[in-house]
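Student: I should like a close look at the side-chain links in this protein. Please treat them in one connected account.

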Amino acid sequence: MNEHEIISGLKVKNLDVNPSLKLKFKPRTAGTPVKIGYVSTNYSLDCRADATFRLKSLTETKVLETASSNLNCLKRILAWNVEHGILFFRISSNTIPFASHPKNTTNWRDELRNLLREVGSYVRNHGIRVSMHPGQYTIINSERSEIVEASIRELEYHADLLDIMGVEGHIQIHVGGGSGGKERGIKRFMRGFSLLPENVAKRLAVENDDKIYTLRDCLSLHRELGVPVVFDNLHHQVNGNGETLSEAFSLAKDTWRGTPMTDYSSQEPGQKPGVHANTLDEEDFKGYIGEISRIGDADIMLEIRDKEKSALRAVEILKSVKLG
């Protein structure tokens with residue numbers, strides 16, 4: 001079965017997205033700080049929220065034990081973050097190991113419902129923003145039907161996890177592969193998007209990447225589908241169309257109904273273009289927030305390798321600089 005046969009057998013329902021389906025993060029109010037975040041792991045704690053295991057070890061018990069441990073660690077990370085003024089966090093896609101794999105028949109949605117709701121309650125009560133970012137094999141514009149199907153299952157898992165938690169949160173993905181040229185790749189993305197359940201479609205955001213799809217390409221998907229665009233400054237630096245940082249952020253900002261989220265990293269010196277920094281370059285970060293704050297507010301996800309250590313420094317920098 002090819003992708004056209006998949007599409008013809010399913011109802012195409014999301015090419016004209018109902019605005020009511022979109023998440024509505026409220027615009028920043030005066031005096032509310034920019035939220036700084038980091039990705040999935042806290043090296044200051046003695047636990048992991050992204051533990052997994054080999055597929056050959058998969059059992060229902062193994063899934064539930066590992067996922068429960070991950071969620072309990074996630075609660076600890078969120079509490080640590082709140083204590084240190086970090087109110088944005090990207091939840092690991094490994095929270096429920098092999099959640100979307102056909103061999104995993106564990107009813108994790110019911111078995112872990114109470115624990116997931118505990119996490120969600122903490123997120124809501126403390127004003128934390130969360131997001132998720134499926135891995136590189138989640139490609140809804142693939143030419144291979146089995147990859148499209150697996151990608152949809154993976155996105156359903158992410159949306160279900162956030163739904164059970166009862167939290168707002170975007171799921172950001174890249175446009176995907178460029179086989180046949182970008183125009184064809186974008187059309188395949190639109191077809192893949194049309195197959196998504198509503199709870200996935202309303203959470204989806206697209207990010208400009210460092211190799212194929214630029215900010216302008218993502219903006220074209222926003223115009224067609226209504227999906228917001230997560231602006232990644234480093235990707236734009238190595239794969240852009242000539243827009244300045246402030247111009248690019250302004251274009252991405254206008255795709256959001258409320259406070260946008262952005263990905264930030266500087267280039268790691270001595271590495272190939274696009275490699276994330278090992279630690280926060282404070283002067284580069286000050287320049288970044290100075291540029292984007294002239295345009296408007298955003299919550300900033302640090303894609304920096306030392307994670308919470310850089311987030312702590314970023315929080316302190318924001319306290320010491322005048323934005324806007």
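Tutor: What follows begins with the chain as a whole, then takes up the disulfide, a threonine in its loop, the salt bridges and a strand.

The model is a predicted one, and the mean pLDDT of the protein chain is 91, with 89% of residues reaching 70 or more. One stretch calls for caution: over residues 1–21 pLDDT stays under 50, although the model has 39 contacts there beyond four places in sequence. The protein chain comprises 12 helices and eight strands. Of its 324 residues, 54% count as buried. Among contacts in the protein chain with a separation of 6 or more, 80% are between residues 24 or more positions apart.

The disulfide comes next. The count comes to one disulfide, and its partners are Cys47 and Cys73, with sulfur atoms 2.1 Å apart. Cys47 lies in the loop between strand 1 (36–39) and helix 2 (60–83), whereas Cys73 lies in helix 2, so the bond ties together parts that are 26 residues apart in sequence. In general terms, a disulfide is a covalent bond between the sulfur atoms of two cysteines. The torsion about the S-S bond of Cys47 and Cys73 is about 75 degrees, and the disulfide is therefore right-handed. Cys47 has a relative accessible area of 17% and is buried because this falls under 20%. Cys73, at 2% relative accessibility, counts as buried too. Another cysteine, Cys218, has a relative accessibility of 0% and is likewise buried.

The loop that holds Cys47 also deserves attention for Thr41. Thr41 is placed in the loop between strand 1 and helix 2. With a relative accessible area of 13%, Thr41 is buried. The side chain of Thr41 makes a polar contact of 3.1 Å with the side chain of Asp50. A further polar contact, of 3.5 Å, joins the side chains of Thr41 and Ser40. Once neighbours within four places in sequence are set aside, the residues in contact with Thr41 are Asp50, Phe89, Lys307 and Glu308. Asp50 thus appears both as a polar partner of the Thr41 side chain and in this set of contacts.

The salt bridges may now be considered. The structure holds 20 salt bridges, and three of them can be examined in turn.

In one of these, Asp263 is paired with Arg90, the closest N and O atoms being 3.3 Å apart. This pair links distant parts of the chain: Asp263 belongs to strand 7 (residues 261–264) and Arg90 to strand 2 (residues 88–91), 173 residues apart. Both Asp263 and Arg90 are buried.

Another salt bridge is formed by Arg203 and Asp163, with the closest N and O atoms 2.8 Å apart. Arg203 is found in the loop between helix 7 (198–201) and strand 5 (204–207), and Asp163 in helix 5 (residues 145–165), so this pair ties together parts that are 40 residues apart in sequence. The two partners differ in burial: Arg203 counts as buried at 4% relative accessibility, whereas Asp163 counts as partly exposed at 32%. As for wider connections, salt bridges with shared partners join Arg90, Asp263 and Glu303 into one network. Two members of that network, Arg90 and Asp263, are thus the buried pair described above.

The remaining example joins Glu146 and Arg144, whose closest N and O atoms are 2.8 Å apart. Glu146 is partly exposed, with a relative accessible area of 40%. Arg144 is also partly exposed, with a relative accessible area of 48%. Each is classed in this way because its value lies between the 20% limit for buried and the 50% limit for exposed.

Finally, the account turns to strand pairing. Strand 5 and strand 6 pair in the parallel sense over two bridges. One of the bridge partners in strand 6 is Val230, which is matched with Glu207. In a regular strand the side chains alternate between the two faces of the sheet. In strand 6 (residues 229–232), Val229 and Phe231 point one way, Val230 and Asp232 point the other way, and all are buried.

How values were computed: Residues are numbered from 1 along each chain as its sequence is written. Side-chain values use heavy atoms; hydrogens and water are left out. A salt bridge is a side-chain nitrogen of Lys or Arg within 4 Å of a carboxyl oxygen of Asp or Glu. Helices (H or I, at least four residues) and strands (E, at least two) are DSSP runs, numbered from the N terminus. Buried means under 20% relative accessible area, exposed over 50%, partly exposed in between (1.4 Å probe, protein chains only). A disulfide is a pair of cysteine sulfur atoms within 2.5 Å. pLDDT is the predictor's confidence in each residue, from 0 to 100. Contact means heavy atoms within 4.5 Å. A polar contact is a pair of N or O atoms within 3.5 Å; within protein, one must be able to donate a hydrogen and the other to accept it, and residues adjacent in sequence count only if both atoms are side-chain atoms. Two strands pair if DSSP finds at least two bridges between them.
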